Number of protein chains: 2
Amino acid sequence: MNAPDPRLSINQATIKHADLATALRVTADAGIHAIGLWREPVNEVGLDLAAQMLADSGLRFTTHCRGGFFTLPEGRERIAALDDNRRAIEETATLAAAGAEGSTAVLVLVAGGLPAGSRDLIGARERVRDAIGTLATDAEAAGVTLAIEPLHPMYASDRAVVSTLGQALDIAADFAPEVVGAAVDTFHIWWDPQVLEQIARAGREGRIATYQVCDWKTPLAADPLLSRHYPGDGVIDFGSLTRAVVDAGYDRDIEVEIFHADVWADAPENVVRRTAEAFAAAVSPHLP
Amino acid sequence: MNAPDPRLSINQATIKHADLATALRVTADAGIHAIGLWREPVNEVGLDLAAQMLADSGLRFTTHCRGGFFTLPEGRERIAALDDNRRAIEETATLAAAGAEGSTAVLVLVAGGLPAGSRDLIGARERVRDAIGTLATDAEAAGVTLAIEPLHPMYASDRAVVSTLGQALDIAADFAPEVVGAAVDTFHIWWDPQVLEQIARAGREGRIATYQVCDWKTPLAADPLLSRHYPGDGVIDFGSLTRAVVDAGYDRDIEVEIFHADVWADAPENVVRRTAEAFAAAVSPHLP
């Protein structure tokens, strides 16, 4: 096959069962230049060693996944969640500094769902705003961009009360764009009648912190979290979305992040190769 | 138990396996005043007999479900779908005339998903607008209101490319409000950050054609279509949504429409009784 697109980044969740060493190795061996990491495999080896391994890999670092859990009511759990987000900010800064030139210090934030027993969606959304306000100072000090990720509305009750790109941008608007931006993930926002205008707005406001791609296909998996497919295997029009992101000025790496039982069961070498092929076919033609 | 709320209407899908005679009987026997019907059980007995049975029941008729399938490309199938919608418009007018005083001639429209093999969401949405333009003349002549129903975005690819109330209102804006309105269904729109402002807008524009309630709870059913619950069994805040609908000027009947395997397996008498109880607890306190 041809060399992978130089802007392709493998989000580590796509090869979920690979440990950090394996993830870095298969990604670099495939000729891919960038990777997005998850906290659990990083912390499995420890941050210092993880940073060294990343540096040795020669890969760019694109995002750290993930912070969030901002909807908890006041109390001990919320304080612990905020402290954990501060550690995630530090990890992000350390890894971005260890990655190859062109790495970006972006921490993806998944807001969290409704607290158990609560129906107060508006209140939960307010607490997300409050939490980001609390963490913005830490992020700015560390040179990290917090990327609010709107999740598909089917996750609004149990995973993320931030459901649209417009809503994420409304929250981000209180902060400097280098401190708080948004994650633009095709799976979560492809359906939105306002998606193109909100991508353009995100560009104007300087807030596209990361662009992530995977595909949507029905029937959904029994666990709807695992319904993410290789680009091109579903119904998302990567042309219009990718052109909108390009036109909005985004010129950095593009992650493929897939959660799917079959993908996770495959060998990571195969998954990385298939990801590069899918990206080349579905996304690359729409890049400058 | 107390008498059911006088504004409660049983959508026939809630007692899916009851034929028309049974649906009318159990609804009236429970002291409920109104019912929304589905085309299949009506056509099973024939429209004339269905209208007579409805008249004999003494129930108000609230909506007819459903028209739609508007996303098909030009061709024979699309022409057949539009013809079928014209029949649905006639059925709606006939049934509304046969129902008790206060009946409403409202045909609920489910737009349809992406045609097989298509990724052109924007084009599909344009075809929905075109189809409604074609049918508006028929609806106006028959005195029927077409209610565009935004469906939850998790159905955007396979059931309805109309995903938000704002989008439904944008489509409806080309037509007179008594001809084209929107269905406000809590299950589909509860998550929308713009839901309260769009309900207020729908009221200002005179376009709340029907208000339907049921609840959202995770985990979703393996078939996500069947994830609708009795009001109060999930996380939807019926207070804020119902008050918004009331404040928007909606003063007609309110349907409960539940798709759920357990509800469908229960005896229709039980389902109707539980529906009345759930409505009284979750919705009635927020009505004037």
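Here are some numbered notes on the two-chain structure above, which is a predicted model.

1. Overall build of chain A. The secondary structure amounts to 11 helices and 10 strands. Chain A has a radius of gyration of 18 Å, close to the 19 Å expected from the globule rule for 288 residues, so chain A is as compact as a globular protein of that length. Along the principal axes, its C-alpha atoms fill a box of roughly 50 × 45 × 40 Å.

2. Packing within the chain. Of the 288 residues in chain A, 58% are buried. If you take the contacts between residues at least 6 apart in sequence, 80% of them join residues at least 24 apart.

3. How the two chains are related. A turn of 180 degrees, with a shift of 0.0 Å along the axis, lays chain A on chain B with an RMSD of 0.0 Å. That is the relation of a two-fold axis. If you would like to find the axis on screen, start from A:A222: its C-alpha comes closest to the rotation axis among the residues of chain A, at 2.5 Å.

4. The interface. Contacts between the chains involve 23 residues of chain A and 23 residues of chain B. On the chain A side, these divide into 13 nonpolar, 6 polar and 4 charged residues. The copies meet through the same surface, because 100% of the interface residues of chain A are also interface residues in chain B.

5. The nonpolar core. The largest nonpolar core contains 200 residues. Those with the most contacts inside it come from both chains: A:L146, A:I148 and A:A182, along with B:L146, B:I148 and B:A182. For a closer look, try B:I148. Apart from its neighbours within four places in sequence, B:I148 is in contact with B:L109, B:V162, B:A168, B:I171, B:A172, B:V180, B:A182 and B:A183. One of these partners, B:A182, is itself among the residues with the most contacts in the core.

6. Two cis peptide bonds in chain B. One joins B:C65 and B:R66, with omega about 5 degrees. B:R66 lies in strand β3, which covers residues 60-68 of chain B. Another joins B:T218 and B:P219, with omega about 0 degrees. B:P219 sits in the loop between β8 (215-216) and β9 (228-229) of chain B.

7. Phenylalanine 69 in each chain. A:F69 is not a glycine, yet its phi is positive, at about 60 degrees. This residue is in the loop between β3 (60-68) and α4 (76-98) of chain A. Is A:F69 buried or exposed? With 20 other C-beta atoms within 10 Å, A:F69 is buried. In chain B, phi of B:F69 is also positive and near 60 degrees, and B:F69 is found in the loop between β3 and α4 (76-98). B:F69 counts as buried too, with 20 C-beta neighbours inside 10 Å.

8. Helix α9 of chain A. Which residues of this helix (238-247) are buried? They are A:F238, A:L241, A:T242, A:A244 and A:V245. These residues cover an arc of only 155 degrees around the axis, which puts them on the same side of α9(A). An α-helix has 3.6 residues a turn, so residues three or four places apart point the same way. The elements covering the buried residues of α9(A) include β6 (180-185), α7 (186-189), α8 (195-204), β7 (208-213) and α11 (268-282) of chain A. Just after α9(A) comes A:G249, with a positive phi of about 100 degrees.

Methods. Residues are numbered from 1 along each chain as its sequence is written. Chains are lettered from A and ligands numbered from 1 in the order in which they are written. This is a predicted model: local features need pLDDT of at least 70, side-chain atom pairs count only at pLDDT 80 or more; totals for chains, interfaces and linings use all residues. Helices (H or I, at least four residues) and strands (E, at least two) are DSSP runs, numbered from the N terminus. The radius of gyration is taken over C-alpha atoms; the globule rule is 2.2 Å times the number of residues to the power 0.38. A residue is buried if 20 or more other C-beta atoms lie within 10 Å of its own, exposed if 12 or fewer, and partly exposed in between; C-beta atoms are placed from the backbone. Two residues are in contact if their C-beta atoms, placed from the backbone, lie within 7 Å. Copies are superposed by least squares on the C-alpha atoms of residues with pLDDT of at least 70 in both. Ala, Val, Leu, Ile, Met, Phe, Trp, Tyr, Cys and Pro count as nonpolar, Asp, Glu, Lys and Arg as charged, and the others, Gly among them, as polar. A nonpolar core is a set of buried Ala, Val, Leu, Ile, Met, Phe, Trp, Tyr and Cys residues joined through C-beta atoms within 7 Å. The arc is that of the directions from the helix axis to the C-beta atoms.
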